[in-house]
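The following exercises concern a single protein structure. Each task is followed by a solution in steps.

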Amino acid sequence: MDERVLGAELVERLRGAFEAAAYTVDGVAERLGPQANGALARNETTLAFQRTGAGDPLDTMIRLFLLQRVVPLESVEKAFPGVVGDLVALGILNVAEDQLAAALDLRPYAEDDRYWWVIADLTPGLDGRREPMRPDYVLGIAPASLSLVKLTVPIKAGRALDVGTGCGIQALHLADRIGHLVATDVNPRALRLTRWTAALNRVELDVRDGSLYEPVAGERFDLIVSNPPYVIAPPAADARLTYRETGFAGDAVVEQLVRQAPQHLTEGGWCQLLANWTCVRGQDWRERVAGWTGDRSSWAVQREQLDPAEYVELWLRDAGLHGRPEYTSRYDAWLRWLDEQQVEAIGMGWINLHNTAGSTQAEEWPYEIEQPIGPHVLDRFERIEGLPAELTGLHLTMADDLVQETAGQPGAEDPATIVLRRQRGMRRAEQVDTVLAGFVGACDGELSVGQILDALASLLQRDDLHAEYLPKIANLVTEGFLTAEG
């Protein structure tokens, strides 16, 4: 493994240079302006190049790392006084006569009141240029990584594990609320860049080499997170991109992460990961995932489902192969392989496992959700696991974000449809009848569930309300439409 490190003196000089130049998310946004910043987010650099011509250190840093343009040596030395030789020696910068170019991506990143700098491989696809990636490519700040950040439950804990850390994004977000943080990967380059990112951001990180749980055999954690190499592709080692593909068959890498998680979790610990899974002919994907989670309290959500052709096209484009000579042959081989595996579709989503006895809920939810969703995930598990077998004694109140929508013919005595809709969390909507709508409307915490149902039963002259509506009320509590007092 390459053992080159960012020394303490170099780290402080780099941080000092970045801070002095305002090379931060806000500083870059202010320098570029909304239009150029928006174009850069679409991988177009022309406007940003036009706005960084003054030649000060911030312009130099933007051009080097964000625009991937060559910069005169004199400008780089002005931006990074006394450390240019170190940056070249570490392979962060490349020399071309009297000019320098970035060999790695070093960019600012922020969330809320926290700011960092992340080191990864150069962003592909700027200005329409697209070349195949190297097999050990280290992905930088990407939508999937940020999705996992937003999914993670907001707990403070003693120990956490980031499996398949990549450039270390999850570790940055966890560092201020975890006592001891372990990050693993099978890619030596990823481990090196993660170490550099951690050092640059003054984060204590235990970085280990190895697959799945091998580097932490016999250890337990309060939280395990993973954005694993979940892409379901033919097992061709010569064409594999380490950050997204493994030698595991189908979705076995996700299956093993989930199945083995309880062995590495403390009682009540959490495992949360992004995942792709195969939808096999003649099988329900929900049953497959439930087989992985066993008797643990779990929740799997399929956010999207692609047919095999859509899936192959997505990942061939991601690899920079669109329009290249090998595109058609790779496309054909991949589709044939999926067909041989009896795959009719691929699901894309996330799996949450709470290491306590319970059952698995698996559902499709392609609709808009609130971000971050992690607080809602925690709240939903607490609701499910805390729901008593007997509901009639509960005193319930309506969620603050709950609204009722009705539709029907003008002048009709009752609406044709009544929908209860939440504005937060999963933003669920439940169609209800007039009885359940009336029940919810009476939930102000004063009367118990049993008392409200009894009052409705007397008003409607019905004796079956408890049997019919208690399961529906339980669902409304689970999904946060109603909250138990106290």
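**Exercise 1. Determine whether Tyr23 is buried or exposed, and characterise its ring pairing with Phe18.**

Solution. Tyr23 has a relative accessible area of 0% and is therefore buried (under 20% relative accessible area; exposed means over 50%, partly exposed in between, with a 1.4 Å probe and protein chains only). The model is a predicted one, in which local features need pLDDT of at least 70 and side-chain atom pairs count only at pLDDT 80 or more, while totals for chains, interfaces and linings use all residues. Residues are numbered from 1 along each chain as its sequence is written, and side-chain values use heavy atoms, with hydrogens and water left out.

The search of the whole structure returns 14 aromatic pairs (rings of Phe, Tyr and Trp, the last by its six-membered ring, with centres within 6.5 Å; planes under 30 degrees apart are stacked, over 60 edge-to-face, the rest tilted). In the pair of Phe18 and Tyr23, the centres are 5.2 Å apart and the planes make 45 degrees, so the pair is classed as tilted. Phe18 is likewise buried, at 0% relative accessibility.

**Exercise 2. Which geometry does the pair of Phe18 and Phe80 have, and where in the chain do the two residues lie?**

Solution. The centre-to-centre distance is 5.9 Å and the angle between the planes is 85 degrees, which makes the pair edge-to-face. Phe18 belongs to helix α1 (residues 8-21), and Phe80 to the loop between α5 (73-79) and α6 (84-89); helices (H or I, at least four residues) and strands (E, at least two) are DSSP runs, numbered from the N terminus. The pair thus links distant parts of the chain, 62 residues apart. Phe80 has a relative accessible area of 1% and is buried. Ring pairs join Phe18, Tyr23, Phe65, Phe80, Tyr115 and Trp117 into a cluster.

**Exercise 3. Describe the surroundings of Met348 and of Thr194.**

Solution. Met348 lies in strand β12 (residues 343-357) and is buried, with a relative accessible area of 14%. Apart from neighbours within four places in sequence, Met348 has contacts (heavy atoms within 4.5 Å) with residues including Ala275, Val301, Arg303, Leu306 and Trp315. The C-alpha atoms of Met348 and Ala275 are 6.0 Å apart, although 73 residues separate the two in sequence.

Thr194 is located in helix α9 (residues 188-200) and is buried at 1% relative accessibility. With neighbours within four places again set aside, Thr194 is in contact with Thr165, Gly166, Cys167, Gly168, Leu205 and Val207.

**Exercise 4. Which residues of helix α15 are buried, and which side chain approaches the backbone at the start of α15?**

Solution. Helix α15 covers residues 434-441, and its buried residues are Val435, Leu436, Ala437, Phe439 and Val440. At the start of α15, Asp433 places a side-chain oxygen within 3.2 Å of the backbone nitrogen of Val435.

**Exercise 5. Summarise the protein as a whole: how many helices and strands are there, and what share of the residues is buried?**

Solution. There are 17 helices and 19 strands. Of the 486 residues, 50% are buried. The C-alpha trace spans about 90 × 50 × 50 Å along its principal axes. Among contacts with a separation of 6 or more, 70% involve residues 24 or more positions apart.

Methods
Polar contact = N/O pair within 3.5 Å; in protein donor to acceptor, adjacent residues only side chain to side chain.
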